[in-house]
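Q: Please take a close look at one part of this model: a surface residue and its setting. Then widen the view to the rest.

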Amino acid sequence: VGVGTVEYLYRDGQFFFLEMNPRLQVEHTVTELINDINLPLAMLLVGMDIPLHRIPDIRTLWGQSDRHGTSKIDFTVENRNPAHGHVIAARITAENPDAGFRPTSGVLQEINFRVSPQVWGYFSVFGRGAVHEFADSQFGHIFSVGSTRESARKHLILALRDLTIYGAIRTTTQVCDLFISHLRFIMNMTV
């Protein structure tokens, strides 16, 4: 048993496979928020040889009334609980939109980000830290959740507008805001 991430596009009731990555990806939070499951913990327990039917989050996901039970689950027959809600994620990167999204580097004096029940995020760099020129330009991730796609979108817009980053780098936060505020995104239209 292992964990991987399958990336796909979904349109008009059809799934279109993109790729499979044999690891947990940074977007795992999306899966966690719409399924009430702690994926890193589940991975750790699987790595410790705990059977899937003994992992509390897996039991809950498959609708078992006793989270800490030991009864086996036939995953090929039983239905799992459906995902609920909507999540939208924004990668926070040190890139200059005015220079073709060229990566930027430098010291950060301060990052201000407010977590709420609808918005969660993390940053790998803190005040007085730096984004190195040879490192990946992504240094943060913000996730918004809502009962509808529109409420998740609005929560993310507020979070992006509230986010302040002071330092010697440029970021893509304003571009993310413009993108999710665009009518085509609001209407969930393809290009």
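A: Y10 counts as exposed because its relative accessibility is 52%, and the cut-off for exposed is over 50%. The model is predicted, so this value is computed from predicted coordinates. Y10 sits in strand β1. It also belongs to a nonpolar surface patch of about 710 Å². The other residues that make this patch are V6, Y8, F15, F17 and M20. Two strands feed the patch: β1 (5-11) and β2 (14-21) each give at least two residues.

T104 offers a contrast. This residue lies in a loop, between β5 (102-103) and β6 (106-112). T104 counts as buried because its relative accessibility is 17%, and buried means under 20%. Leaving aside residues up to four places away in sequence, T104 touches A94, E95 and N96. T104 also touches V131, I169 and R170.

Now the helix α4. Helix α4 covers residues 149-162, 14 in number. From first C-alpha to last, α4 reaches 20 Å, close to the 20 Å expected at 1.5 Å a residue. Its buried residues are S151, A152, R153, L156, I157, A159 and L160. An α-helix has 3.6 residues a turn, so residues three or four places apart point the same way. The buried residues of α4 pack against three strands and two helices. The strands are β3 (86-93), β7 (119-123) and β9 (138-146). The helices are α5 (173-181) and α6 (183-186).

Key
Residues are numbered from 1 along each chain as its sequence is written. This is a predicted model: local features need pLDDT of at least 70, side-chain atom pairs count only at pLDDT 80 or more; totals for chains, interfaces and linings use all residues. Side-chain values use heavy atoms; hydrogens and water are left out. Helices (H or I, at least four residues) and strands (E, at least two) are DSSP runs, numbered from the N terminus. The expected span of a helix is 1.5 Å times one less than its number of residues. Buried means under 20% relative accessible area, exposed over 50%, partly exposed in between (1.4 Å probe, protein chains only). Contact means heavy atoms within 4.5 Å. Patches are made of residues with over 30% relative accessible area and no salt bridge: like charges are joined within 9 Å, nonpolar side chains (Val, Leu, Ile, Met, Phe, Trp, Tyr) within 5 Å. Accessible areas come from the Shrake-Rupley method with a 1.4 Å probe; for residues, only the protein chains shown count as cover. A salt bridge is a side-chain nitrogen of Lys or Arg within 4 Å of a carboxyl oxygen of Asp or Glu.
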